[in-house]
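Here's a quick walk through the structure shown below, written for someone who likes to know the cut-offs.

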Amino acid sequence: MPIDQSKLTRLVETLPAFPESAQKIIALTSRVDCSPKQLVKIIEHDPVLTMKVLKLVNSAYFGLSREVKSVNHAVVYVGINTIKNLAISVATTGTLPKQNAAGLDTRALWYHSLKVGVLAKILAEEHGTPSTQTVNYFVGGLLHDIGRLLVAHFFPDEYKSMLSHINASQDSILESEALVLGITHAEIGAMVSEHWQLPAELQHCIRHHHSTQAELLVNAPLTMAVNAANLLIHLKDEPEKITIPECILQWLGAPVEDVLARLTTLENEVDKAVSFIEIAG
Amino acid sequence: MKITLYGVRGSIPVPGKDTVKYGGNTTCIGLETPEGDQIIFDGGTGIRVLGMTLIKQLPVKCALFITHTHWDHIQGLPFFTPFFIPGSEVNIYGSFDPIYRKDLKTILSNQMEYCYFPVRECELNAQIQYNHVIERQPITVGSATITPILLNHPVLNYGYKVECHKKTFFFTGDYEPPYNIYDPDDHEFSEYETLLQQQRGQLADFIKHCDLVVADSQYSSEEYPSKKGWGHGSYDTCIQLAKEAQIKHMVMTHHDPLRTDAQLEQIWQGFSSRTDLPQNTKFELAIEGKSFVL
Ligand SMILES: [Zn+2]
Ligand SMILES: [Zn+2]
């Protein structure tokens, strides 16, 4: 049951924009000299974000004895660092739909995307990417599977038949999608990222995040990092199913056993970062 | 009550000939009430020595308050002997981490994972209880009442006030008084200033006329501007707090790991000759091993 392409195009065009405040916070906080007052300004210009941050600060998690009434008050009371962390998580976690859709565990996919984002950012840092740029690696990981969410959400029947094809055959997700849906989640994701007018390298990264071709990866560090992070996270869960292409191994700079050994430490870091991002949920 | 400083160093232990006088262990304070209740603040490396003292009288029963879980405030815990002695009872208090969404038990168990330490948390023989504190909700330990208050640091950090037989003791943990994030010509400046004064006023009221305060003074006034936002106080912020809250006795701690005994002596000489010190406060630099009786 292939997807109706014109319906898909129409749907993508009606998707809400990627939140501007999320983009701004991402840009601001990835700078070392992130100024507290600019951060407050961005949060305050977005009423929904402001409300969510205040709600969290006033929640039982913080256990404060007085009510926090403004963003400035929150910064004075619990500190700029804590508010910064809260704002990043709230702003970015609002970007994907979280309702359950046909047979897709959206929560699990969301969690997976966060992990890939955090790991891609760590890998980028290790490869000497300047801290002003690493935030795109996080966003790339966060959005790499947006195509899957879209299909499951808007084409539940098609999605289900694709899932049963995977179960019945030995085909990979990508092969099954191409066969059953006539389009892959990577291609759909690329359409979304175009609609959102994300930077070209992010579009490239979402489109090719399953690519194994060296020529598509070696000169596209963002695509390479998200691709590698995605494989590593899957490797942890189902080692027998995953092989890492030679060009990615080379980029990781270690034989696969060493990479695996390091993964446990990385996982800790990733889990830590993810659990703080998740609180905004 | 008797208060003893077991660790007065910030960030990392610094043993060696240059730190013999002021001490090289990281943060830990012991408090004993006249009734013999044992209360501990923070588990920096100083807690090892305190543990050795406590086990002279078995079984050990104590309450341990953690200001925050930065490494220098918990790194001595795996070497706190009472944890390993059957029949000991340790009640641990601290904050739930709302950012990492982790409770104290998880944070402290992670610290004892097998790759870091040969004994796992679940193998400790003492009876250990974990409790999350809520701001300004008092906790009773024997004849003492301990009340937490949130103080500015990069992570949630609780200061603890102890009241016992009409005497009060307060420990800030790591604390940088919040500062104005706006420039004087921004129109938000004065609103923010008001919020800051409120916040400071609330802390001052909370510890008004306190008999003894141990406060974070990691930096000198000259160093502070380049360390602004790092989460630590200075000698000047301690003076200000002493003035605002009319503290009777102020002990300045969390010495920077780079400070030698000689430098601290020099700092003390400069400090004690200042003319802007509040008349009714006695000041001193924290020295490892020193006790105060209230
Ligand atoms: Zn500290
Ligand atoms: Zn600290």
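What follows covers the metal sites and then a sheet with its helices.

This is a predicted model, in which local features need pLDDT of at least 70 and side-chain atom pairs count only at pLDDT 80 or more, while totals for chains, interfaces and linings use all residues. Residues are numbered from 1 along each chain as its sequence is written, chains are lettered from A and ligands numbered from 1 in the order in which they are written, and side-chain values use heavy atoms, with hydrogens and water left out.

**The zinc ions**

Donors here are N, O and S atoms within 2.8 Å of the metal (3.2 Å for Na, K and Ca); water is not among the atoms, so sites may look incomplete.

| Site | Protein donors | Distance | Angles |
|---|---|---|---|
| zinc ion (ligand 1) | B:D72 (OD), B:H73 (NE2), B:D174 (OD), B:H254 (NE2) | 2.1 to 2.2 Å | 89 to 168° |
| zinc ion (ligand 2) | B:H68 (NE2), B:H70 (ND1), B:H153 (NE2), B:D174 (OD) | 2.2 to 2.4 Å | 88 to 172° |

The site of the zinc ion (ligand 2) comes out irregular, and the angles around the zinc ion (ligand 1) make that arrangement irregular too. The rule: four donors are tetrahedral if all angles lie between 85 and 135 degrees; four are square planar and six octahedral if opposite donors are over 155 degrees apart and all others between 65 and 115; anything else is irregular.

Which residue coordinates both zinc ions? That's B:D174, and the ions sit 3.5 Å apart. Along the chain, the spacing is D-H-x100-D-x79-H for the zinc ion (ligand 1). B:D72, in the loop between β4 (61-65) and β5 (89-94) of chain B, is 102 residues from B:D174, in the loop between β10 and α3 of chain B. Both B:D72 and B:D174 are buried, meaning under 20% relative accessible area (exposed is over 50%, partly exposed in between; 1.4 Å probe, protein chains only).

**The sheet and its helices**

Strands (E, at least two residues) and helices (H or I, at least four) are DSSP runs, numbered from the N terminus. Seven strands of chain B make an open, mixed sheet ordered β7-β8-β9-β10-β11-β12-β13, where pairing takes at least two DSSP bridges. β7 (139-141) and β13 (282-285) of chain B are the edges; each has a single partner strand, so one side of each lacks a neighbour in the sheet. The twist averages 20° from one strand to the next.

Helix α3 (residues 189-206) of chain B lies across β8, β9 and β10, at about 170° to β8(B). Helix α5 (residues 235-245) of chain B lies across β11, β12 and β13, at about 160° to β12(B). Contact means heavy atoms within 4.5 Å; axes are lines fitted to C-alpha atoms, for helices over the stretch in contact, with angles from 0 to 180 degrees between N-to-C directions.
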